Amino acid sequence: MDKLNLAPAIREQLETVYDPELKPANIVDLGLVYEIITKEEGIAKVVMTLTAPGCPVAGEIMEEVQRKVAAIPGVKEALVELTFDPPWNRDMMSEEAKLELGFM
């Protein structure tokens, strides 16, 4: 659901966010972004996961996502929802990310 038609711009910003443990692949190519939702009130919500529930950089990644989405023109409020359902696995990665990380 993308009422503001900002999902492409949000996705573009999210492609500049990296999990430091899995560089050079960004969080979109890693399959960590499950959903991008925008509402008419200017609210943008990113539903995402992490590679593991105990990810030591979870706070940093979520803060960066929130900050970058909030900076997009038209976004009045940026929300980041963390979920582990479904749990992340390597199959969620793009082919490009698998190649970059040597999983193919």
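What share of the contacts in the protein chain with a separation of 6 or more comes from residues 24 or more positions apart?

1. The share in question is 64%: residues 24 or more positions apart supply that part of the contacts with a separation of 6 or more in the protein chain. The note concerns a predicted model, and its points should be read accordingly.

2. On secondary structure, the protein chain holds three helices and three strands. Their order along the sequence is α-β-β-α-β-α.

3. On overall dimensions, the radius of gyration of the protein chain is 13 Å, which agrees with the value near 13 Å expected for a compact globule of 104 residues. The C-alpha trace spans about 40 × 25 × 20 Å along its principal axes. Of the 104 residues, 41% are buried.

4. The largest nonpolar core comprises 29 residues, and I10, L14, I27, V46, I61, V65 and V69 are those with the most contacts inside it. At least two residues of this core come from each of α1 (7–14), β1 (33–39), β2 (43–48) and α2 (58–70). The most is given by α2, with four residues. As a general background, nonpolar side chains in soluble globular proteins tend to be buried together.

5. I27 merits separate mention, being among the core residues with the most contacts. When neighbours within four places in sequence are left aside, I27 is in contact with L14, V17, Y18, D19, L32, V33, M48, I61 and V65. Of these partners, L14, I61 and V65 also appear among the core residues with the most contacts.

6. On the surface, the protein chain exposes about 5,800 Å², of which carbon and sulfur atoms supply 51%. The side chains include 10 positive and 19 negative ones, and the centres of the two sets lie 3 Å apart.

7. Backbone geometry calls for inspection at several places. Most peptide bonds are trans, and most residues other than glycine have a negative phi. The peptide bond from K23 to P24 is cis, with omega near 15 degrees, and P24 lies in the loop between α1 and β1. A second cis peptide bond runs from D85 to P86, with omega near 0 degrees. P86 is placed in the loop between β3 (77–82) and α3 (95–100).

8. N5 is not a glycine, yet its phi is positive, at about 55 degrees. This residue belongs to the segment before α1. Is N5 buried or exposed? N5 is exposed, because its relative accessible area of 62% is over the 50% cut-off.

Technical notes:
Residues are numbered from 1 along each chain as its sequence is written. This is a predicted model: local features need pLDDT of at least 70, side-chain atom pairs count only at pLDDT 80 or more; totals for chains, interfaces and linings use all residues. Side-chain values use heavy atoms; hydrogens and water are left out. A nonpolar core is a set of buried Ala, Val, Leu, Ile, Met, Phe, Trp, Tyr and Cys residues joined through side-chain atoms within 4.5 Å. Buried means under 20% relative accessible area, exposed over 50%, partly exposed in between (1.4 Å probe, protein chains only). Contact means heavy atoms within 4.5 Å. The radius of gyration is taken over C-alpha atoms; the globule rule is 2.2 Å times the number of residues to the power 0.38. Accessible areas come from the Shrake-Rupley method with a 1.4 Å probe; for residues, only the protein chains shown count as cover. Lys and Arg count as positive and Asp and Glu as negative; His and the chain ends are not counted. The place of a charge is taken as NZ of Lys, CZ of Arg, CG of Asp or CD of Glu.
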